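Work through the exercises below with the coordinates open, and try each task before reading its solution.

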Amino acid sequence: MAALIAENFRFLSLFFKSKDVMIFNGLVALGTVGSEELFSVVAFHCPCSPARNYIYGLAAIGVPALALFLIGVIWNNHTWNLVAECHKRGIKNFSAAATFLLFGSIMGRAAVAPVTWSVISLLRGEAYICALSEFVKPSSLDKFPAEYGAEVLARFPCKDVPANLTKFRDEVTRRLRYESQLFGWLIIGIVAVLVFLTKCLKHCCSPLSYRQEAYWAQYRSNEDKLFRRTAEVHSRILAANNVKQFFGFVALDKEEKELVQEFPVEGVQPSPQWNAITGVYIYRENKGFPLYSRLHKWAKGVEGNGPSPEAHEMLFLAS
């Protein structure tokens, strides 16, 4: 039993440390589902008032989805790489296909959470029922009393209706929940087809073999980890040197003293070097040899960003 528990924990650790896009998107979707459930229980309260129901119901679905989409765009590294690219070099070196691929990658990753939120909201049906209950035509309800109108229909989501209208409230709720869930399942089907077609198109158009693509993903992950770790140490040592120069001494703990002694830092990298390794990168080869990142390209001394007879643009975006 202990071995089984340890194996499960090891699996979960690898799962949550994985950089795989599908796993990341799954975790985002799972977190969105939990957030939507909490929102529905704690924060969603239909006003049950004509004209207000529609606005509130649509806002409950659309506003969180919009916020999640913007957060997804902000958290995507491609967004800021694109901003840096436009600021420093422009996008004139990218073909139309490469530009479409870049924006598609940003929008696709950012759409995971808002689509999940919208689908879960529709499957639950509460916001949809709140928004559209007042628009149900009384004539579509068999033997609905003529003296009641939209004001009573708007109160159906809150169950605040006369006793003789209970069966009509149940029918309206059932009808609207059916429509809401139907839209939710349609969205799931459409998204599933789009994801499948996108994956097929990506693998069909990829210039890399499966093993090389896996190696490229490993390289990007390792380069990013090592770059961040080294940058943190470099900036700490540089800060220690500057503080020591100002005060005449610097208060370091044992680990920091070892870092300062082991890695002497003379200065900082000039801005042209930072600009050279910052921005959007699309897979390229130089004289048949792959260049896996802007840092790799800079280290090999390859100049320029556009395609040339010796540097072939492969239109394959780093994810």
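## Exercise 1: a residue and its surface patch

In this predicted model, isoleucine 190 lies in helix α9.

Task: decide whether isoleucine 190 is buried or exposed, and find which residues make a nonpolar surface patch of about 610 Å².

Solution. Begin with the accessibility: the relative value for isoleucine 190 is 52%, and because the exposed class starts over 50%, this residue counts as exposed. Then turn to the patch, which is made by Tyr178, Leu182, Phe183, Leu186, Ile190 and Leu194. As background to the spacing of such positions, an α-helix has 3.6 residues a turn, so residues three or four places apart point the same way.

## Exercise 2: the disulfides

Task: with sulfur atoms within 2.5 Å as the criterion, establish how many disulfides there are, which cysteines they join, and what pairing results in sequence order.

Solution. A disulfide is a covalent bond between the sulfur atoms of two cysteines.

Step 1. The criterion gives a count of two disulfides.

Step 2. Cysteine 46 is joined to cysteine 130 with an S to S distance of 2.1 Å. This pair links distant parts of the chain, 84 residues apart, since cysteine 46 sits in the loop between α2 (21–42) and α3 (52–75) while cysteine 130 belongs to helix α7 (residues 126–132). The torsion about the S-S bond of cysteine 46 and cysteine 130 is about 85°, and the disulfide is therefore right-handed. Both ends fall under the 20% limit for buried residues, cysteine 46 at 15% relative accessibility and cysteine 130 at 0%.

Step 3. Cysteine 48 and cysteine 158 form a disulfide in which the sulfur atoms are 1.7 Å apart. Here too distant parts of the chain are linked, 110 residues apart: cysteine 48 is in the loop between α2 and α3, and cysteine 158 is in the loop between α8 (150–154) and α9 (166–205). With a torsion of about 95° about the S-S bond, the disulfide of cysteine 48 and cysteine 158 is right-handed. Cysteine 48 is buried at 11% relative accessibility, whereas cysteine 158, at 37%, counts as partly exposed.

Step 4. When the bonded cysteines are numbered in sequence order, the pairing reads 1-3, 2-4.

Step 5. Cysteine 200 is in no disulfide, the nearest cysteine sulfur being that of cysteine 204 at 6.2 Å. Cysteine 200 is partly exposed, with a relative accessible area of 31%, while cysteine 204 is exposed at 68%.

## Exercise 3: helix α6

Task: compare the expected and modelled span of helix α6, and determine how many of its residues are buried.

Solution. At 1.5 Å a residue, the 13 residues of helix α6 (residues 112–124) should span 18 Å, and the end C-alpha atoms are 18 Å apart, which agrees. For the burial, 10 of the 13 residues are buried, so α6 is largely enclosed by the rest of the structure; among the buried residues are Val112, Pro114, Trp117, Ile120 and Leu122. Just after α6, glycine 125 takes a positive phi of about 85°.

## Exercise 4: annotated segments

Task: state which residues the UniProt annotation "transmembrane region" covers, and examine residues 54–75 and 182–201 in the model.

Solution. According to the unreviewed UniProt entry, the annotation covers residues 21–42, 54–75, 96–117 and 182–201. Residues 54–75 are 100% helix and 0% strand, with end C-alpha atoms 32 Å apart. Residues 182–201 are likewise 100% helix and 0% strand, and their end C-alpha atoms are 29 Å apart.

Key: Residues are numbered from 1 along each chain as its sequence is written. This is a predicted model: local features need pLDDT of at least 70, side-chain atom pairs count only at pLDDT 80 or more; totals for chains, interfaces and linings use all residues. Side-chain values use heavy atoms; hydrogens and water are left out. Helices (H or I, at least four residues) and strands (E, at least two) are DSSP runs, numbered from the N terminus. Buried means under 20% relative accessible area, exposed over 50%, partly exposed in between (1.4 Å probe, protein chains only). UniProt positions are given in the numbering used here, feature names are shortened, and annotations may be inferred rather than shown by experiment. The expected span of a helix is 1.5 Å times one less than its number of residues. Patches are made of residues with over 30% relative accessible area and no salt bridge: like charges are joined within 9 Å, nonpolar side chains (Val, Leu, Ile, Met, Phe, Trp, Tyr) within 5 Å. Accessible areas come from the Shrake-Rupley method with a 1.4 Å probe; for residues, only the protein chains shown count as cover. A salt bridge is a side-chain nitrogen of Lys or Arg within 4 Å of a carboxyl oxygen of Asp or Glu.
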